[in-house]
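Student: I'd like to go through this one by asking how each label is earned. Can we put it up and start?

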Amino acid sequence: MVGTPLAFARTPEELTAALADAPDLVIIDLTTGDLTTGGWDYERFFAALDGAASRPPVLGFTTHVLARTTQPLHARCTRVVTKETLTQELPELLKTGVAA
């Protein structure tokens, strides 16, 4: 346990509310799809981030299989890792964040 407070946002509205607390890091699963598949609306997600008073670094994670599919979202993140890397590095990432 690294002692880092966490907030989970499942909707853009929850994300906007969480951003009011000026988080040090935002982590997003880039494999949840889009509105056509019932997954996360990435455009609304990134619009909420871009509208924040101070945009926190964004760590996106994907899978090896979906890396090419999620490629258009990578540039909107500070860093993108695979789920395997996220699992291995999460404690350190929560302590130190990601380089901007």
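Student: What makes the 3 strands an open sheet, and in which order do they come?

Tutor: Two strands pair if DSSP finds at least two bridges between them. The strands here line up as β1-β2-β3 with parallel pairing. β1 and β3 (79-82) are the edges, each having a single partner strand, so one side of each has no neighbour in the sheet. From one strand to the next the twist averages 25°, with axes fitted as lines to C-alpha atoms and angles running from 0 to 180 degrees between N-to-C directions.

By the way, this is a predicted model, where local features need pLDDT of at least 70 and side-chain atom pairs count only at pLDDT 80 or more, while totals for chains, interfaces and linings use all residues. Numbering starts from 1 along each chain as its sequence is written, and side-chain values use heavy atoms, with hydrogens and water left out.

Student: How do you know that β1 and β2 (residues 58-62) really count as paired?

Tutor: The rule asks for at least two bridges, and β1 and β2 share 4 bridges in the parallel sense. So the pair qualifies. One of the partnerships is Ile-27 with Leu-59 in β2.

Student: And what makes something a strand or a helix in the first place?

Tutor: They're DSSP runs, numbered from the N terminus: H or I over at least four residues for a helix, E over at least two for a strand. This chain has 4 helices and 3 strands, running α-β-α-β-α-β-α from the N terminus.

Student: Which side chains of β1 point to the buried face?

Tutor: Val-26 and Ile-28 point to one face and are buried, whereas Ile-27 and Asp-29 point to the other and are not. Buried means under 20% relative accessible area, exposed over 50%, and partly exposed in between (1.4 Å probe, protein chains only). Of the 100 residues in the chain, 31% are buried.

Student: Why is Leu-66 called partly exposed?

Tutor: Leu-66 has 30% relative accessibility, which falls between the 20% and 50% limits, so "partly exposed" is the label. Leu-66 sits in the loop between β2 and α3 (67-74). Its C-alpha is 7.1 Å from that of Thr-31, 35 residues apart in sequence.

Student: Why is the pair of Phe-45 and Phe-46 called edge-to-face?

Tutor: Rings of Phe, Tyr and Trp (its six-membered ring) pair if their centres lie within 6.5 Å; planes under 30 degrees apart are stacked, over 60 edge-to-face, the rest tilted. The count is 1 aromatic pair. Phe-45 and Phe-46 lie 4.9 Å centre to centre with 85° between the planes, so both tests are met.

Student: Are those two residues buried or exposed?

Tutor: Phe-45 is at 3% and Phe-46 at 0%, so both count as buried. Phe-46 belongs to helix α2 (residues 42-50).

Student: What residue types line the largest pocket?

Tutor: The lining divides into 20 nonpolar, 4 polar and 5 charged residues. Nonpolar covers Ala, Val, Leu, Ile, Met, Phe, Trp, Tyr, Cys and Pro; charged is Asp, Glu, Lys and Arg; the others, Gly among them, are polar. α4 gives the most to that lining, with 6 residues.
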